[in-house]
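Please open the model in your viewer, with residue labels switched on, and follow the stops below in order. Each stop suggests a selection and then describes what is found there.

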Amino acid sequence: MSESELNQVENHMSLVHGIIIQLAQVASTAEQLVLVVDLKKVKTKLFSNKILNTTIRKAIPLCLKYFPELLYKAFIVNAPMSFSGFWDSISSLLPPETKSKVRVLGGSSNEELASLVTPP
């Protein structure tokens, strides 16, 4: 593995570690979590990064094991077309009940998102 790839692995593992710490803090004070991930400024080539894909594949089972019912809903907004293949491979790791809590929304999703999270 090249030095560049090792740096990527280190950065991704640091990110996963940070996410798990944040989830533990949320889980200690909240019953459920609404997560919004904005992909507007994410470079599309990131979705084909094998190292990131592997890192996420390792992180998902950990999150499911330690925080099984924490997620109420998740919204992935401003998702480019290139995200769909990435999402297909990652979402296959999620149990159906978890996958059903995730909505992937395109670039014009602000109104749709607002209608989903704003009480009637």
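With the whole protein selected, the exposed surface comes to about 8300 Å², of which carbon and sulfur atoms supply 59%; accessible areas here come from the Shrake-Rupley method with a 1.4 Å probe, and for residues only the protein chains shown count as cover. This is a predicted model, in which local features need pLDDT of at least 70 and side-chain atom pairs count only at pLDDT 80 or more, while totals for chains, interfaces and linings use all residues. Residues are numbered from 1 along each chain as its sequence is written, and side-chain values use heavy atoms, with hydrogens and water left out.

**The overall fold**

Colour the model by secondary structure, and five helices and three strands appear, where helices (H or I, at least four residues) and strands (E, at least two) are DSSP runs numbered from the N terminus. Read from the N terminus on, the elements follow the order α-β-α-β-α-α-β-α. Of the 120 residues, 28% count as buried, a class that means under 20% relative accessible area, with exposed meaning over 50% and partly exposed lying in between (1.4 Å probe, protein chains only). Among contacts with a separation of 6 or more, 87% are between residues 24 or more positions apart, a contact being heavy atoms within 4.5 Å.

**Helix α2**

Next, select residues 50-66, which make up helix α2. The expected span of a helix is 1.5 Å times one less than its number of residues, so the 17 residues of α2 should span 24 Å, and the 25 Å between its end C-alpha atoms agrees with this. Show the side chains of I51, L52, N53, T55, A59 and I60, which are buried in α2. Keep N53 on display, since at 16% relative accessibility this residue counts as buried; leaving aside residues up to four places away in sequence, N53 touches F86, S89 and I90.

**The aromatic cluster in helix α3**

Which residues form the aromatic cluster? Select F83, F86 and W87, which together form one. The structure holds two aromatic pairs, where rings of Phe, Tyr and Trp (its six-membered ring) pair if their centres lie within 6.5 Å, and planes under 30 degrees apart count as stacked, over 60 as edge-to-face and the rest as tilted. The rings of F83 and F86 have centres 5.8 Å apart and planes at 50°, so this pair is tilted. Both residues lie in helix α3 (residues 83-91), three residues apart, or about one turn of the helix. The rings of F83 and W87, by contrast, have centres 6.3 Å apart and planes at 15°, so that pair is stacked; these two residues are four apart in helix α3, again about one helical turn. An α-helix has 3.6 residues a turn, so residues three or four places apart point the same way. F83 is buried at a relative accessible area of 5%, F86 counts as buried at 10%, and W87 counts as buried at 17%.

**The loop after α3**

Move on to L93, in the loop between α3 and α4 (96-99), where the residue is partly exposed with a relative accessible area of 32%. Add R57, which is 36 residues from L93 in sequence and 7.6 Å from L93 in space, C-alpha to C-alpha. Not counting residues up to four places away in sequence, L93 touches R57, I60 and L64.

**A salt bridge between loops**

Now select E69 and K101, which form a salt bridge whose closest N and O atoms are 3.8 Å apart; the term requires a side-chain nitrogen of Lys or Arg within 4 Å of a carboxyl oxygen of Asp or Glu. The pair links distant parts of the chain, 32 residues apart, with E69 in the loop between α2 and β2 (71-77) and K101 in the loop between α4 and β3 (102-104). By this rule, the count comes to one salt bridge. Is each partner buried or exposed? E69 counts as exposed at 53% relative accessibility, whereas K101 is buried with a relative accessible area of 17%.

**A nonpolar surface patch**

Finish with V34, V36 and Y72, which form a nonpolar patch on the surface with about 270 Å² of accessible area together. Patches are made of residues with over 30% relative accessible area and no salt bridge, like charges being joined within 9 Å and nonpolar side chains (Val, Leu, Ile, Met, Phe, Trp, Tyr) within 5 Å. V36 is found in strand β1 (residues 33-38) and is partly exposed, with a relative accessible area of 44%.
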